[in-house]
Protein chains: 2
Amino acid sequence: MQTVLSEAQAKHHHAEEAVQSLRRIVKALHDYSTSVEQQIGLTGPQLWALWELSRAGSLSLKALSAQMHLDPSTVTGVVDRLQRRNLLVRVPDPEDRRRVILSLTVAGAQLLKRAPHPAQGQLLHALHAMPLKEVERLDHALKQVATLMEVDSTDVRFFFAET
Amino acid sequence: MQTVLSEAQAKHHHAEEAVQSLRRIVKALHDYSTSVEQQIGLTGPQLWALWELSRAGSLSLKALSAQMHLDPSTVTGVVDRLQRRNLLVRVPDPEDRRRVILSLTVAGAQLLKRAPHPAQGQLLHALHAMPLKEVERLDHALKQVATLMEVDSTDVRFFFAET
DNA sequence: ACAAAACAGTTTGCATGCAAATATTTTGTG
DNA sequence: CACAAAATATTTGCATGCAAACTGTTTTGT
């Protein structure tokens, strides 16, 4: 019983620490975004959108929001602000007049050239600085966490006693 | 050279996968927040604020925002909405009249009783479902990632070649 | 052929979230 | 004591982000 208890406590400890680390990671990502904004005057999502557009050549708004895992209504706003600064254009799709084709302008493409890699760059950089074995394990563990979180999405209430 | 190259590729692969998993985790956290909102009519931050307040008894706005790692101006808004629903009260601190003391109302405390554990509950639940060894490794790896990201916050530009 | 359903994009309304500016109060220094 | 500096909370302005409602267009089913 003693063993079980202390093992549970150890797990609790590491779990809390892991959550804390995730918070730090999210914060670091945000700070990186802020520094990018200072450098080139684009917010994280704005740079990300341009980057996806550059990668794909051109995209419908729906496709772009799928790439970014964001709601189309959110992306509409981001695209508005980019268009207002002449970094991209909206062109109606002749094939399907519901659709809008988004493409970079020359100004947009040029800006991208002097811009850093979008948001996740920081994270990827950190991962690349770690030994392969470590990255493998991290990958595996995170995948497990993500899956567990997705599976148990219903009634997780009171999993923790109030101590 | 062959070995080095494929090892780099393996690392790249796992790094990309890890980023993807982090995205899934963030999304799962958000989905959990949404389900909580459906259940008890409070957003994630609102529940979180009440919970911190309950844990501490009472807090100044500054202290609460420190607990939540949020800007005071953000917390002001959250507190506004909670106060509007009579879940907490603002009382001027007689000791220091700049300060405001936040405390739960009876209604707030009662609501908390039937509320699930705030946001991170989902994540903690998932971590507790994992073997201790795994949680330990995850904790360690995440700590490393967070530290690396914080250290290299300046010029990470172009760490990745455009492939 | 044409009503119904599905789809793409936008608009509106709301809740975060931060930075910068402001008002009030307290503290520290000469 | 006086006055500058710091601290606390708020306000304002802006950019995400989602859900729901709405418009127009295309596809589907009968």
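Which phosphate oxygen lies 2.7 Å from a polar side-chain atom of Thr43(A)? That phosphate oxygen belongs to DNA strand D. This is a predicted model, and the legends below walk through it view by view.

**View 1. Chain A as a whole.** Here's the layout of chain A, built from 7 helices and 3 strands. Starting at the N terminus, the order of elements is α-α-β-α-α-β-β-α-α-α. Chain A has 163 residues, and 43% of them count as buried. Take the contacts in chain A between residues at least 6 apart in sequence: 52% of these join residues at least 24 apart.

**View 2. The largest nonpolar core, with residues from chains A and B.** This core holds 30 residues, and Leu127(A) and Leu127(B) have the most contacts inside it. Chain A elements giving it two or more residues are α1 (2–40), α6 (120–128) and α7 (132–151), and on chain B they are α1 (2–40), α6 (120–128) and α7 (132–151). Why does the core lie between domain 1 (1–40) and domain 3 (119–154) of chain A? Because both of those domains give residues to the core. As a general point, nonpolar side chains tend to be buried together in soluble globular proteins.

**View 3. Zooming in on Leu127(B).** Setting aside residues up to four places away in sequence, Leu127(B) reaches into chain A to touch Lys11(A), Ala15(A), Ala18(A), Val19(A) and Val145(A). On chain B, Leu127(B) touches Val135(B) and Leu138(B).

**View 4. The protein surface near DNA strand C.** There are 23 residues around DNA strand C, and those that come nearest are Lys62(A), Arg90(A), Thr43(B), Gln46(B) and Asp71(B). By class, this surface has 6 nonpolar, 8 polar and 9 charged residues. At least two residues each come from α3 (61–68) and α4 (72–84) of chain A, and from α2 (44–56) and α4 (72–84) of chain B. The top contributor is α4(B), which gives 4 residues.

**View 5. Polar contacts to the backbone of DNA strand C.** If you look at the atoms of DNA strand C within 4 Å of the protein, 78% are sugar or phosphate, and the rest belong to bases. Thr76(A) uses its side chain, with an N or O atom 3.1 Å from a phosphate oxygen of DNA strand C. Val100(A) instead places a backbone N or O atom 2.9 Å from a phosphate oxygen of this strand. From chain B, Asp71(B) has a backbone N or O atom 2.7 Å from a phosphate oxygen of DNA strand C.

**View 6. The protein surface near DNA strand D.** Now for the other strand: 22 residues surround DNA strand D, the closest being Thr43(A), Gln46(A), Asp71(A), Lys62(B) and Arg90(B). Of the DNA strand D atoms that come within 4 Å of the protein, 74% are sugar and phosphate. Sorted by class, the residues here are 6 nonpolar, 7 polar and 9 charged.

**View 7. Polar contacts to DNA strand D.** Back to Thr43(A), whose polar side-chain atom sits 2.7 Å from a phosphate oxygen of DNA strand D. Ser73(A) goes for a base: a polar side-chain atom of this residue lies 3.1 Å from a base nitrogen of DNA strand D. Over on chain B, a polar backbone atom of Lys62(B) is 2.6 Å from a phosphate oxygen of DNA strand D. Two or more residues of the surface near this strand come from each of α2 (44–56) and α4 of chain A, along with α3 (61–68) and α4 of chain B. The largest share, 4 residues, is from α4(A).

How values were computed:
Residues numbered from 1 in each chain as written. Chains lettered and ligands numbered in written order. Predicted model: local features only at pLDDT ≥ 70, side-chain atom pairs only at ≥ 80, totals over all residues. Heavy atoms only, no water. Core = buried A, V, L, I, M, F, W, Y, C linked by side-chain atoms within 4.5 Å. Buried < 20%, exposed > 50% of the residue type's maximum accessible area, 1.4 Å probe, protein only. Domains from an automatic or database assignment. Contact = heavy atoms within 4.5 Å. Near = heavy atom within 4 Å. Polar contact = N/O pair within 3.5 Å; in protein donor to acceptor, adjacent residues only side chain to side chain. Nonpolar A, V, L, I, M, F, W, Y, C, P; charged D, E, K, R; others polar.
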